[in-house]
Structures are given as structure tokens and as C-alpha cells.
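Open the model in your viewer and keep the selection panel at hand. The stops below say what to select and what to look for.

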Amino acid sequence: MSEKLPSRKPRPSERQHNVYSYDDRDIESFGDDMEPRRNRKGYPDHRHPSVDRESIRSMSGDRSHRSRTGNLKTTDTPTNIDDPHLKTTDTRTNMDDPHLRQPKKRSKGVMLYLKGLWRTKQTADLENKDEEIQTTLRELIIYLVFLTIVLILTLGMISTNMYWFTKVLSDLFIETMFEADGAETNFKESSRISHFWGFAENVMINGLYWDFWYDNNDPVGNVSSEDRNILYENKLLGVPRLRQVKVRNDSCIVHEDFRRTFRTCYDFYSSEAEDTESFGQETPTAWTYSSEKELDGYSHWGVLTTYGGGGFYEDLSLRRNETLERILELKQNLWITRGTRAIFFDFTVYNANINLFCIVKLVFEIPPTGGVIPSASFRTVKLLRYVTPFDYFVLACEFIFLTFIIYYTVEEICECVILKFDYLRSLWNYLDLITLVLAYVLIVFSIYRYIVIRPMINELLEEKKYANFDFIGFWQVQYNNAVGVLVFLVWIKLFKYISFNKTMAQLSITLSRCAKDIAGFAVMFFIVFFAFAQLGYLLFGTQVEDFRTFGTSIFTLLRTILGDFNYSAIEEANRVLGPVFFICYIFFVFFVLLNMFLAIINDTYSEVKSEISAQKSFVMSDYIMRCFGNLMKKLGYKSKVAGKETPIDDSKLTYNEIRDALRKCNFTDLEIEMFFAKYDIDADKGIGEEETKRLLTDLEGRRVTGPSLADKGAGESVSQEEFLMLKNRVTQMGESIIVVIDKVEAVLNKLDALGVSRQARDGRGQGGK
């Protein structure tokens, strides 16, 4: 430290920054003798900021001068240089000068912990590799814990028992055969009004009321009333309900040529055409209209249209004989008329063995064309969440989930404050916002369900009336759907935290690269696709079910791409145009457009894969093994990686560290190679302690003390190891010369091209004259 650099007069910019340190922006430009480059007035060239002896020493000295991310900095380092303009200043004793202020040392208190807790990869210092690795690893571990909690919550919400519960009830009411009009049929095959009455008198009565054991000969009266349940296990909550909606006689317009023939007209159901007039017997509710508000009902989306929650209803009984009498009374008094457009059969059951509710709705839609279109809805839900010990474990996980949501909310707020409008430029941030909104909606609904469901159940068990679970059942199904979407987004978001590995990032990189090509191709594809969909709807819409609407035609053609199609139905609908339509669609869409789409993705994927293979991938295991090696070293053990000893040399700078730093200071690849050719004596792509001493000595204008390799070669024989070192250096110099030759040839080719173009212009000018 006693040596001095030649004194010179610094420029004003250097007086402002007289603390010289090595970081990503401060690297000296090395010439032949490694002297700082100077301009005509003797000042250093600003293209290559100068470094002093202490800066170079910091590259190989104590690694404690490095920041946590791997950048090299020397701060508060006093020197003995006599030049007053070049002396470094201790920032701790001269903080009044704003140009000499340095960041304060981080405290180890609560503020530092909270700041690091919510630091993300977007807000961290990306130039600091250690900090980036630590932040990435911390985010990944926290998110994996969050993902585990979400998966536990889904396991507590869904179980395989739900499927079997739905299946047995569906088989009981949907698959059971009954006799109507002299033939056997079931609910799914019902097509006439008489089939509805046959279903109500047989399947519905026998399915709701189990009054006999096994052979229907032993009455259940001799058995406890607790067994008088559906399939002996499922408790009927409240009483079942029959309800119908009707339309008015003047709901449609008859053509004037047929008005003498047809004096009535009943249109499709709509809220404007709904009939609210009483008919038949005026006293009972089955013959008097009740509004949706009076029934506390909700609309239903059927096969044909959406039906309101009001109408004409009849609440049945908990006893078999009374229910059968009411059904026969409705049938004899013609409860179903020409204006009837839908009949609903609603009831709710509860199975205490598996703690599940099933809200059943059987619908018979009657279109203006006549006939019946049956449909069914079985909503199996878990409304009482906390019964078993595992349920209470899920409750604890729900509180942990709430804690994570609050944590990620604070994290997003911090990112918004720090990044400002740049926050909206990342698609991952939009995904984070959607995830948080869904999570808060689910939390609010869970609280609402817990508050509402218990008083409702207690009221239904005390009174014998209809159990209206439509609202809570509908929103519970929507809750389950939202949970499914949330889990899907949580899994997709995992790519955000494993994208540090280039191999893991292939999907996102490939899609981002080919997004423009796919967008252009999509326009062409959908033009052709919608043309075929419209053609199929017009050709086969009146005869083939898969083409009955334009929407179903679109999905049918999408299924055709996957090999799911009914060619015989198309051919039967139109023997000529059917085969022609099918062949043209398969050729243009399947063989041409689909293969073009795959070619776009394959080409982009090949490019991305080749680029990734050529790059050095960020390996998290390197950092982990280094930390493990340091830990073992402190414990007195030697670190072993892959079976061989690999001591960690923190005093040695790697090739990538020096190259990246020099490139940020606008050094060319040739200058970087010349630097390593001169100072990388052992040709190991790194600068060690001895090589750094040689560099420092050259900066001070002296040679390395002791015999050099050339002196050794003049006086004694060269060893095999030294010969290999020299050979590697010569090879590196040869590669550098090849690069220079290629660049010179490129310049000469450009000059030749310019000369030829100039001669051509001169020839055209003379010819014009």
C-alpha cells in the first residue's frame, strides 16, 4: 500500500467521485502496458472509467467487500496515495458531501427483516446475484408451502363419496324403468306428457318413500322411523315440491292466412309471455300463481331457455299415500295445459354417514313443438364443513391460507408502490391480482355459508315444509368451480418461481416468441373454420343434433379435429353435400391449417432450445452446494461435490464475472481476450491471487518480481505443465486473431460493396449526360 500512482490533475467529474471501487460500472481500459487511456489533454478517457490499485485488489482480496449479490465493491478503504485529488475518502467521516454519501449499513432489526420478507424478484437488485438467488429461493419455498395448503383445502372440500352419492341417486330416479302408454321407458327417454305422469306415479313415489324392506312385503312400520329414508340412508329434508310455469294464449302471432283455423298460440317461455292468471281451482297454490319473490325462488337454466322462479306449485307430503293422492288429483283436474312450458320436481336429501347434501331438480320442458325434453340436476355439496378431526385440521389450514393471502396482498401493494406503472407490464402481475380477488371472494362466501346454513337446517328440521336449498346450493357449486379455477391458477403460477432455470422457461419463452405468428395464423384459421361451421349449420341443422345451432356446430367441428365425429349422420342428412363437406373440411383444416400451426410452434421451439443449449443456465444447485460447502468448511469438514473434493476459492474471480463487468464498461471482446491472454497465466479462465498481484504491479509501472515463465525457459527446461499453459495461451491468442481477421474481412467486403455501388452511380450519371 506504500506505492503511489503518478499524480495528475483530475477532471471535475473525478473530483465528485473520488472513491474508486470495482463494480459493474467501474473497470479500467487496459492498453499494451495496462496504463489508463488518456485523451489529448492527459485526462482519462470517460469511455473506460479508471480504477486504482485498491479497486483491483478488491477483486481478489477479502470477499467480505462483496455485496450479497456478488458485485465487488470496496467502500471506506483509505489509501496512502499522496495525490490529494486521487485519495479515497472515508464516507463515514465526510457525509456532508452528497457525492460521497454511501448507503448506510443495514440494521439487523425488525425493519430489515420486514423489508427482506416482502422483497420479490421484481423489486430486488438483479445485478446482485446472491441476492437474486436468495430471493428466488425464498419465494419458491414460501410458494410451495402455499400450494400445499391450497391442495389440503381442496381435499377437504371434494371427496370420491360425492361421485357415488350422486350416482346412486341418479340411477334411482333417472335409470329406473316405468310403464307408460303400454311400454316401458325411463326418465331420460321420456318424450310425452303421459310419461311425466307415469314417472310421478311410479318412480317418484317409490324413490321418495321406502316403506318396505327388500321384497316389498314386510311393512316398515315394524322398524324404527329412522330407517324410513331414501335407500334407507338418505334423509329427506322438508317436503318435495312440484312447480310449473306457463305462457299466455296470446304470447305469439298467428299468420293471417291461418287465423281462422288456429285461435290459440303459445310461444316459447319468456318472462314477458309468462302466464300469471289463476285457473282451475282457485284456492290451492297449485292453481294460483305465486311470484318468484313469494316463493323465495331462483331462475333455472334449462335446455331450451331460462325459466323464472315463480309459477304454480304444490308441496307434497312426507307420507306416501298423501303424496300419491295429490298427484292423482292434479292429473284428474288437468293441471298440465297447452300453455305449460316446464315442470319442476325439487327435493333435498342429506346423508349423515358421509356428511353430504344432494339438491335434486328434475325438469320436464315442454316446447311449443309438443313433446317433452327431460333434464336433471344433482348438486352434491358439503355444507357442514367441520365435523371430523380432519375437518378441523382443514379449518386450521384455512386460517393459514388467509395469512398467505394477506401476505401476498402486502407483497403486491409493495410492488405497485415500487414499480408504479411498470407493474402493469408483466402478465404474472395480472395473474396475481386475479388469484387474490378469487381468494377473497371464496373467503367471504365461506363466512356467509357458515353463518346462514345452520339456522336454515335447524328451521327445516323443526317444520314440515319445502326445503329451499336452491340459492345456497347454486352458490356452493359456483364456489367449487371458483376453487377449481383458483387451484389451476396456483399451479400455473408455479412457472413464475421456477423460471430461473432456462429449461423450465422453455414453454413461456416459446409462446412469447411465436405469439405474433400465432395471432396472424389465428385470423386465417378462424375465417376458414367459421365458414365451415356456418355451412354445416345450414346444411344439417334441421336433421343432425350436432348441428342444431351455430354454437353446437362450432364445437362439433372442434371435436372432428380430435377424431370425434358422426359421419353417418352427415351422410344421411345429405348424400351429396355431406361427403363433400366432410372431405373439404378434413383437407383444409386438418391437413393444412393444423399442420401450419404445429410448424410455427415447432420452429420456434427449436430456436429456443438451441439458444438455451448454447447459454449457461442458471443452476440453483451451484448456490446450494456452495452454501453447503461453506457450512461444512466452518464445521471443519472438506466439501465434496460429485465424489471429488472441490474447495471453494472465494479469492478467485471467474471468467464470467470479469467478462460481464468489462462488457458493461464498453470493452470489446477482443480487448477482453487480450486481457486474459496477458494475465490468465494458468489458462483456467480465472484471475487468482498471484495473477492479481501481477496485474497490480503492471498498473504501478513495475514488472512481477521473481523469474517469469520466459526467464525460466531461457535458463532451464520447461516442464510439461508449463508447456501446456503456454500452449493454451497461444491457442487463445490464435482465436483472438481469427476474430480480428473476420472483422477485417467484413469491413473490406463492405468497402468493396460501397466501391461497386459508387461506380454504378457514376456510370449512370455519365450515361444520363
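The tour goes from the whole chain to a sheet, its helices, two cores and a few single residues.

**The whole chain**

Begin with everything shown; the model is a predicted one. Colour by secondary structure: the protein chain has 22 helices and 15 strands. Of its 769 residues, 38% count as buried. Among contacts between residues at least 6 apart in sequence, 66% join residues at least 24 apart.

**The five-stranded sheet**

Select strands 8, 5, 9, 10 and 11, which form an open sheet in that order, with antiparallel pairing. Its edges are strand 8 (312–315) and strand 11 (373–381), each of which pairs on one side only. Looking across the sheet, you will find a twist that averages 15° from one strand to the next.

Now keep strand 5 (235–246). Eleven of its twelve residues are buried, so the strand is mostly covered. How many bridges join strand 5 to strand 9? The two pair in the antiparallel sense over nine bridges. To see one position in this pairing, select Leu242, which stands opposite Phe345 in strand 9. With strand 8, strand 5 pairs over four bridges, again in the antiparallel sense. Here Gln244 is the residue to pick: Phe312 in strand 8 stands opposite Gln244.

**Helices on the sheet**

Add helix 5 (residues 160–175), which lies across strands 9, 10 and 11. Its direction is at about 150° to that of strand 11. Next add helix 6, which packs on the sheet and touches strand 5, strand 9 and strand 10. The direction of helix 6 makes about 5° with that of strand 9.

Leave helix 6 (residues 193–208) on screen and bring in helix 8 (residues 320–332). Their axes come within 11 Å and cross at roughly 175°. Are the two helices roughly parallel or roughly antiparallel? Angles over 145 degrees count as roughly antiparallel, and helix 6 and helix 8 are therefore roughly antiparallel to each other.

Show side chains where they meet. From helix 6, select Trp197, Ala200, Glu201, Met204, Ile205 and Asn206. From helix 8, select Arg320, Thr323, Leu324, Ile327, Leu328, Leu330 and Lys331. The residues of this contact divide into eight nonpolar, two polar and three charged.

**The nonpolar cores**

In soluble globular proteins, nonpolar side chains tend to be buried together. For the largest nonpolar core here, which has 45 residues, start from those with the most contacts inside it: Tyr143, Phe146, Phe357, Leu383, Phe401, Tyr408 and Phe469. Then display helix 4 (129–157), strand 10, helix 9 (389–419), helix 10 (427–462) and helix 11 (470–498), each of which supplies at least two residues of this core. Which element gives the largest share? Helix 11 does, with eleven residues.

Centre the view on Phe401. Leaving aside its neighbours within four places in sequence, Phe401 is in contact with Phe146, Ile149, Val150, Leu153, Ala439, Ile443 and Leu486.

Apart from the largest core lies another, of 44 residues. Select Phe199, Phe279, Ile327 and Cys358, which are among its members. Ile327 has already appeared, as one of the helix 8 residues that meet helix 6.

**A lysine in helix 11**

Go back to helix 11 and select Lys493. Is this lysine buried or exposed? Lys493 counts as buried because its relative accessibility is 6%, under the 20% cut-off. Its contacts, not counting residues up to four places away in sequence, are Tyr143, Trp428, Leu431 and Asp432. Of these, Tyr143 is one of the residues with the most contacts inside the largest core.

**Two loop residues with positive phi**

Finish with two backbone positions. Select Tyr232 in the loop between strand 4 (218–219) and strand 5. Its phi is near 65°, a positive value in a residue other than glycine. Tyr232 is buried, with a relative accessible area of 18%.

The other position is Asn355, in the loop between strand 9 (340–351) and strand 10 (356–365). Phi of Asn355 is near 55°, also positive in a residue other than glycine. What is the relative accessible area of Asn355? The value is 8%, so Asn355 is buried.

Key
Residues numbered from 1 in each chain as written. Predicted model: local features only at pLDDT ≥ 70, side-chain atom pairs only at ≥ 80, totals over all residues. Heavy atoms only, no water. Buried < 20%, exposed > 50% of the residue type's maximum accessible area, 1.4 Å probe, protein only. Core = buried A, V, L, I, M, F, W, Y, C linked by side-chain atoms within 4.5 Å. Contact = heavy atoms within 4.5 Å. Axes fitted to C-alpha atoms, helices over the stretch in contact; angles between N-to-C directions. Parallel < 35°, antiparallel > 145°, perpendicular 65-115°, else oblique. Nonpolar A, V, L, I, M, F, W, Y, C, P; charged D, E, K, R; others polar. Pairing = 2+ DSSP bridges.
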